[in-house]
Number of protein chains: 2
Amino acid sequence: MKGLTLSDGQLRLRDDLPLPTCPSGEALVRVERAGICKTDLELVKGYYPFDGVLGHEFVGTVEEGPPDFVGQRVVGEINAVCGRCSACRQARPTHCQDRTVLGIVNRDGAFAEYLSLPVENLLPVPDAIGLDEATFTEPLAAALQVLEQIHIRPTDHVLVIGDGRLGLLIAQVMAMTGCALLVQGRHQRKLDIVAARGIATTRDTDYDAGAFDVAVECTGSPEGFTDARRAVRAQGTIVMKSTYAGDLTLDASALVVDEITLMGSRCGPFAPALQLLEQQRVDVTSLIEARYPINEAPAAMAHAERKGVLKVLLDF
Amino acid sequence: MKGLTLSDGQLRLRDDLPLPTCPSGEALVRVERAGICKTDLELVKGYYPFDGVLGHEFVGTVEEGPPDFVGQRVVGEINAVCGRCSACRQARPTHCQDRTVLGIVNRDGAFAEYLSLPVENLLPVPDAIGLDEATFTEPLAAALQVLEQIHIRPTDHVLVIGDGRLGLLIAQVMAMTGCALLVQGRHQRKLDIVAARGIATTRDTDYDAGAFDVAVECTGSPEGFTDARRAVRAQGTIVMKSTYAGDLTLDASALVVDEITLMGSRCGPFAPALQLLEQQRVDVTSLIEARYPINEAPAAMAHAERKGVLKVLLDF
């Protein structure tokens, strides 16, 4: 089959990949559409060692598996877990100590014609959700994870830093809470996507220091963190919602004096993400920047890598 | 009056200090006992610019103020606040943007025969609490702040890192919750103080990585933070409860992947601290290492600075 692999840091488009072996309890899924995420780009740069088929944002159709799943259009939770370790037993399966992660940790991913995932990871896609929209289930779930971790009150002032793919999804999720929301970004064109939904945006840091109860840092850059640190009030929270390329240096004493909370945030719940897509409560199609056939996956990756580019999709 | 001042980074024992001017709404307190804290030592090293009388842990007797306060033995909340800024109006007075802080920010402190504080900052000391014990009200309140910020469940596994003055108070406060508690330190003599109260202690890091739901870092050192990071599970919390001498460098991506929460923690509530002291639920007198008359305050500071030394008190 065709697929885009990473091997020793080199991307290769191959057409001779074997079909995934599909062990007991797993289903074989024919990928119909996939999305490129910053994590894919960071893996190519070596942020984490990975060899295999890249990709974890996808929608597809089950070709082999339990009879009631075959022919079903599905999305899939990307963490394949053991069910036995302390994290699994304590209801933190996305932190399973023996997990594999689709296209990220020890498991071939979605940038190929077929993938395999445990049946329990698969969620049927309601008919009302198109292929494009369904491809956003995983990043939208990641955006929703912020609401799983922290109670955003209607009276809270929240700053989202970053107008990238994830930032614009998080902005829309934050807006659901009724909080006073500001999205800070660098690209008017991208900010306009959420501005069209009535969300306040800015290209400056012209807000008062300490004006926000919560800042969600979606840039993964030290500059974004510096802005977040300045923006939040004493006893406020900074949610760190991105892949950081390197170490971060911070003034720990100031963090203690101001009693700031930093909170890392990663994968989130798929079911409510599907529900939001079905109800069209989040606009994801405006985030699509380009689409490429799988045959042109390297060009798609190069496009996604360009500064300021939103979501690049792969068609199969 | 006599007092220990810091001026241009130099400690000076003086006997020619004027009595504090005691503006309307404040009371003049004759200091009877005071305690030396790591923050005092860090101020001398220049961690934060301060000129004036050092010291913020004290007990004393009101000599001038509202008639019902005069003659009363009191302790005092160290943050003197404006009552009008957004932090004050939002019930975060310890983060008042215009605050002065006794012996720390723009307000002469407790290492002198007299100090002045707003009347609203003063709490009467119950008769059952001795002078030594009352001197610990402020650091015990700081220890209790952890329980104000985070819900420690009886089923939680909690690691306290550091067997210093604050670490041993925090250990006793954590033990109140019924959690599974381990205190990690370097000095058997100090660990024995909490071991005598049935608290498990260790001088090693021989616990499993990820074995703890919560780690309270009380050393203010990068090594302590590294231990905390290794100790907490995914989605666990590290409470940062110390004055850090410099910047801290951390692996932000790992923090995101493991969804760790870092939480700075500073001043806490005085009333429950007094209650715990009155009920003798916390042993503070075992933490007293030495006492000096105010005349020998520089020697007391030098003693407190020595490695492994617990609480040094000043008598008046």
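These exercises work through the chain pairing, one sheet and the salt bridges of a predicted model.

Residues are numbered from 1 along each chain as its sequence is written, and chains are lettered from A and ligands numbered from 1 in the order in which they are written. Local features need pLDDT of at least 70, side-chain atom pairs count only at pLDDT 80 or more, totals for chains, interfaces and linings use all residues, and side-chain values use heavy atoms, with hydrogens and water left out.

**Exercise 1. Describe the interface of chain B and chain A.**

Step 1: contacts. Contact means heavy atoms within 4.5 Å. By this rule 37 residues of chain B touch 37 residues of chain A.

Step 2: area. Buried area is the accessible area (1.4 Å probe) that two parts lose on being put together, summed over both. Here it is about 3,000 Å², and carbon and sulfur atoms give 51% of it. B:His95, B:Val256 and B:Glu259 supply 19% of what chain B buries against chain A, more than any other three residues.

Step 3: polar links. A salt bridge needs a side-chain nitrogen of Lys or Arg within 4 Å of a carboxyl oxygen of Asp or Glu. The interface has zero. A polar contact is a pair of N or O atoms within 3.5 Å; within protein, one must be able to donate a hydrogen and the other to accept it, and residues adjacent in sequence count only if both atoms are side-chain atoms. The interface has 14 residue pairs of this kind (both at pLDDT 80 or more).

Step 4: elements. Helices (H or I, at least four residues) and strands (E, at least two) are DSSP runs, numbered from the N terminus. On chain B, α4 (137-149), β15 (232-240), β16 (247-251), α8 (252-257) and β17 (261-264) each give two or more residues to the side that touches chain A.

**Exercise 2. Which turn lays chain B on chain A?**

Step 1: superpose. Copies are fitted by least squares on the C-alpha atoms of residues with pLDDT of at least 70 in both. A turn of 180° and a shift of 0.0 Å along the axis give an RMSD of 0.0 Å.

Step 2: name the relation. This is a two-fold axis.

Step 3: locate the axis. In chain B, the C-alpha nearest the axis belongs to B:Thr249, at 2.1 Å.

Step 4: check the strands. Two strands pair if DSSP finds at least two bridges between them. Strand β16 of chain A (residues 247-251) runs antiparallel to β16(B), joined by five bridges. A:Leu250 stands opposite B:Leu248.

**Exercise 3. Find the edges of the β2-β1-β4 sheet in chain B.**

Step 1: the order. This open sheet has three strands with antiparallel pairing.

Step 2: the edges. β2 (10-14) and β4 (52-53) each have a single partner strand, so one side of each lacks a neighbour in the sheet.

**Exercise 4. Which parts does the A:Glu63 and A:Arg30 pair tie together?**

Step 1: the bond. Their side chains form a salt bridge (2.7 Å, N to O).

Step 2: the places. A:Glu63 lies in β5 (residues 57-64) and A:Arg30 in β3 (residues 26-35) of chain A, so the pair ties together parts 33 residues apart in sequence.
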